[in-house]
Amino acid sequence: MTTVIHSVRLVDDGAVTDDAWVAFEGDTVLRTGTGDAWRALPGGDAFDGAGAYLAPGFVDIHGHGGGGAAFDDGADAVRIARAVHRAHGTTRAVLSLVTASIDDLSARVALIADLAEDDTTILGSHLEGPFLDLGHKGAHTASLLRAPDAAAVARLIDAGRGSVRQVTLAPELPGGIDAVRRFVTGGVAVAVGHTNATEDEASAAFDAGATLLTHAFNAMPGIHHRAPGPILAAMRDDRVTLELIADGFHVHPDVIALAFAGAPGRIALITDAMAAAGAPDGDYELGGLAVRVIDGQARLVENGAIAGSTLTQDAALRLVVAGGLPLADAVAAVTAVPARAIGMAARHGSLRPGAAADAVLLDGALHVAGVWVDGTRI
């Protein structure tokens, strides 16, 4: 059956098109156009967008949970957290797992692979650890951090059965560069993060195949005029996408603007959301560590370190647009750019014909007014 969303301002492919429409056939985008040409399509459902913005469904490649539930905690928790973020426009997501033992991570990756077979909105898993620098561990359990080795890498890849989309690691660790190569060969996008890497060490990782920087500016050396560090290495390398948490807390809005200017078309807005996203302030747990959320800011109880966010992607979109970023560029940062970063741009992050029929309707203040997944309004 054909579904048409018409009379919208379509935000896609770097442009805003007035009086536009998008037609879905089943779970796939059939056609797009402007004016009244949609009326000539075969009969079906028609939804009047009444001049609102229509964007592709958002893609989050780094988030840990929401609605009081964490992606580490099993199938029911995954469903609860996904429902929260889906309502905020994130139609597809990579599920991030915090540091744990290789045994536990293998089991969790295998479970996510099973869930992804039944729920196509789950794009796979992201291993944020355990191959991280102790000095930049953030909200990860220190005793479980370790250097990578060939056996551990192979076991995690095999457990995912092709569904491990991303891994974050510190390339300066012993065996780090070799691990980059092994993960890339296994079809996994490698991110430099939770790292003490110098500019040269980060560049070596990118030359070895790493293509992402995990939540830029956080859990890594900053930019210093005599020690540029991994951030500048990523900004100067056109092969690299920089994740950014645009909640105004993890990264100052002026620095967010600097990142977009320094790496145009290569900023992916992620949530890094933990269980408290879409839930009240209070006490939570992240990877076995106690977290307290006050005024929407999550910090470890033991030392006050930032412990993920309570962000949703629609809120990130509003923040960067309020900071002066053109709407088309902001939408790309929650759609096309993250989809491309994990090698899934052919099907996701766009409303071009042949793409997945995922869309988000946004009112004039950029609040979510409607969400479609696989052609069905949820």
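Here is a quick tour of one protein chain, from its overall build down to a few residues worth a look.

## The whole chain

Keep in mind that this is a predicted model. The chain is built from ten helices and 21 strands. Its C-alpha atoms fit in a box of roughly 60 × 45 × 40 Å along the principal axes. A compact globule of 378 residues would have a radius of gyration near 21 Å, and the chain comes in at 20 Å, so the two agree.

What about the inside? Of the 378 residues, 55% count as buried. Among contacts with a separation of 6 or more, 67% are between residues 24 or more positions apart. On the outside, the accessible surface adds up to about 14,100 Å², with 51% of it belonging to carbon and sulfur atoms.

As for charge, the chain carries 26 positive and 45 negative charges. The mean positions of these two sets are 2 Å apart.

## Two aromatic pairs

How many aromatic pairs does a search of the whole structure find? It turns up two. A pair of aromatic rings is described by the distance of the centres and the angle of the planes.

Take Phe47 and Trp372. Their planes sit at 75° to each other, and over 60 degrees counts as edge-to-face, so that is what this pair is called. The ring centres are 5.3 Å apart. The two partners come from distant parts of the chain: Phe47 belongs to strand β4 (residues 44-48) and Trp372 to strand β20 (residues 368-373), with their positions 325 residues apart. Is each partner buried or exposed? Phe47 has a relative accessible area of 24%, so it is partly exposed, whereas Trp372, at 3%, counts as buried.

The other pair is Phe131 with Phe183, and it is tilted, with 6.4 Å from centre to centre and 50° between the planes. This pair also links distant parts of the chain, 52 residues apart: Phe131 is in the loop between β10 (122-128) and α3 (150-160), while Phe183 is in helix α4 (residues 176-185). Both Phe131 and Phe183 are buried.

## Backbone oddities

Most residues other than glycine have a negative phi, and most peptide bonds are trans. Here are some spots that go the other way.

The bond joining Gly129 and Pro130 is a cis peptide bond, with omega at about 15°. Pro130 is found in the loop between β10 and α3, and Phe131 of the tilted pair is in the loop between β10 and α3 too.

Two aspartates have a positive phi, as the table shows.

| Residue | Phi | Place | Relative accessibility |
|---|---|---|---|
| Asp19 | about 50° | strand β2 (residues 15-25) | 42%, partly exposed |
| Asp295 | near 55° | loop between β17 (289-294) and β18 (297-300) | 69%, exposed |

Why does Asp295 count as exposed? The cut-off is over 50%, and Asp295 has a relative accessible area of 69%. Asp19, at 42%, counts as partly exposed.

## A stop at Leu111

Finally, look for Leu111 in helix α2 (residues 102-118). Its relative accessible area is 31%, so Leu111 is partly exposed. Which residues does Leu111 touch, leaving aside those up to four places away in sequence? They are Gly74 and Ala75. Leu111 and Gly160 are 49 residues apart in sequence, yet their C-alpha atoms are 8.4 Å apart in space.

Conventions:
Residues are numbered from 1 along each chain as its sequence is written. This is a predicted model: local features need pLDDT of at least 70, side-chain atom pairs count only at pLDDT 80 or more; totals for chains, interfaces and linings use all residues. Side-chain values use heavy atoms; hydrogens and water are left out. Helices (H or I, at least four residues) and strands (E, at least two) are DSSP runs, numbered from the N terminus. The radius of gyration is taken over C-alpha atoms; the globule rule is 2.2 Å times the number of residues to the power 0.38. Buried means under 20% relative accessible area, exposed over 50%, partly exposed in between (1.4 Å probe, protein chains only). Contact means heavy atoms within 4.5 Å. Accessible areas come from the Shrake-Rupley method with a 1.4 Å probe; for residues, only the protein chains shown count as cover. Lys and Arg count as positive and Asp and Glu as negative; His and the chain ends are not counted. The place of a charge is taken as NZ of Lys, CZ of Arg, CG of Asp or CD of Glu. Rings of Phe, Tyr and Trp (its six-membered ring) pair if their centres lie within 6.5 Å; planes under 30 degrees apart count as stacked, over 60 as edge-to-face and the rest as tilted.
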